[in-house]
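Biologist: I have labels to query. Take me through them one by one, please.

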Amino acid sequence: MSSPAELRLRVHVQGAVATVLMDRAEVHNAFDPQLIAGLTEAFQRLEADAAVRVVVLAASGRSFSAGADLNWMKRMATYSGEENVADARALARLMRVIDRLAKPVIARVQGAAFGGGVGLVACCDMAVAAREAVFCLSEVRLGLIPAVISPYVVRAMGARAARRYFLTAERFGADEAHRLGLVHQVTDAEGLDAAVAALADHLLKGGPVALASAKDLIAAVSDRPLDDAVIEDTARRIAAQRAGAEGQEGVAAFLEKRAPGWIG
């Protein structure tokens with residue numbers, strides 16, 4: 001499975017794990033409309049591929065992603081209001097597709113993530129960063145704001161931290177990103193692949209339907225009052241999972257002290 005060469009986007013599937021690789025190292029994996037469309041299509045295809053159970057978002061070269069491509073930014077300056085809105089919607093759609101993918105997504109952050117690159121990290125379910133990685137929400141330095149990525153970044157690092165880093169555009173390192181919750185694990189560069197593989201192994205032990213349902217559950221209960229509607233919803237969710245084929249297989253496997261059928 002691969003995308004058109006001019007997009008410099010590669011998709012590699014090994015077993016049940018797919019890696020989506022941004023491969024524009026010469027421009028620090030900055031994105032433009034073509035790359036945004038290619039990423040969106042790649043994730044949608046992986047969503048529909050039943051053989052793929054975990055997706056890794058990675059990048060080549062020294063940087064994870066520098067955010068918007070400079071040539072794209074130059075073109076945006078000439079866009080009409082309607083063209084600007086349509087352009088922004090495409091990036092917002094990509095973020096939503098990654099965030100709502102029914103399969104777990106791991107960000108493999110080997111280098112700098114600036115602007116929209118931070119948004120890509122925040123959209124993923126979990127992120128592992130090399131110790132050398134650096135992060136920056138640099139938009140205000142350009143007279144812009146991190147608008148379409150803000151729901152995901154604020155959710156990941158919290159409103160209080162966003163008040164600092166959205167406004168100051170300071171660079172911060174991987175350890176600070178970990179402290180804030182933007183990334184889940186920091187490792188030496190040579191241990192990055194092993195850390196990502198270990199997470200993928202953990203994920204592959206979970207039932208595919210259960211993983212998708214767990215992601216949907218988090219979205220359903222986050223930032224909602226603990227009222228009767230939430231309690232009823234969660235009761236119905238676990239009842240449906242128990243009655244489903246995967247839930248019954250998982251419980252039976254546990255009682256019979258064997259591996260469930262989804263672990264091949």
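Biologist: What makes the meeting of the Glu256 and Arg258 side chains a salt bridge?

Modeller: The N to O distance is 2.6 Å. A salt bridge needs a side-chain nitrogen of Lys or Arg within 4 Å of a carboxyl oxygen of Asp or Glu. The Glu256 and Arg258 side chains therefore qualify. Side chains of opposite charge can pair when their charged atoms come close.

Biologist: What should I know about the model itself?

Modeller: It is predicted: local features need pLDDT of at least 70, side-chain atom pairs count only at pLDDT 80 or more, and totals for chains, interfaces and linings use all residues. Residues are numbered from 1 along each chain as its sequence is written, and side-chain values use heavy atoms, with hydrogens and water left out.

Biologist: Which salt bridge joins Arg258 to Glu249?

Modeller: One with an N to O distance of 2.8 Å. Glu249 has a relative accessible area of 24%, so Glu249 is partly exposed. Arg258 is at 34%, so Arg258 is partly exposed too. The cut-offs: buried is under 20% relative accessible area, exposed is over 50%, and partly exposed lies in between (1.4 Å probe, protein chains only).

Biologist: Which residues are joined into one network by salt bridges that share partners?

Modeller: Arg24, Asp32 and Asp69. The whole structure holds 17 salt bridges.

Biologist: How do you know that Arg45 and Glu41 are separated by about one helical turn?

Modeller: They are four residues apart in helix α1 (residues 33-48), so about one helical turn separates them. Helices are DSSP runs of H or I with at least four residues, strands are runs of E with at least two, and both are numbered from the N terminus. The closest N and O atoms of Arg45 and Glu41 are 3.9 Å apart, and the two form a salt bridge. Arg45, at 27% relative accessible area, is partly exposed. Glu41, at 42%, is also partly exposed.

Biologist: How many aromatic pairs are there?

Modeller: Two. Rings of Phe, Tyr and Trp (its six-membered ring) pair if their centres lie within 6.5 Å; planes under 30 degrees apart are stacked, over 60 edge-to-face, and the rest tilted.

Biologist: Why is the pair of Phe135 and Phe172 called stacked?

Modeller: The ring centres are 5.8 Å apart and the planes stand at 20°, so this pair is stacked. Phe135 sits in strand β8 (residues 134-136) and Phe172 in strand β9 (residues 171-173), 37 residues apart. The pair links distant parts of the chain. Phe135 is buried because its relative accessibility is 0%. Phe172 is at 4%, so Phe172 is buried as well.

Biologist: What makes the pair of Tyr165 and Phe172 tilted?

Modeller: The angle between their planes is 45°, and the centres are 4.4 Å apart. That angle is neither under 30 nor over 60 degrees, so the pair counts as tilted. Tyr165 is buried, with a relative accessible area of 4%. Phe135, Tyr165 and Phe172 form one aromatic cluster.

Biologist: Why is Phe254 called exposed?

Modeller: Its relative accessible area is 67%, so Phe254 is exposed. Phe254 lies in helix α11 (residues 245-255).

Biologist: How do you know that the span of α9 is close to the expected one?

Modeller: Helix α9 (residues 208-221) has 14 residues and reaches 20 Å from first C-alpha to last, against 20 Å expected. The expected span is 1.5 Å times one less than the number of residues.

Biologist: Which residues of α9 are buried?

Modeller: Leu211, Lys215 and Ala220. Just after α9, Asp223 takes a positive phi of about 60°.
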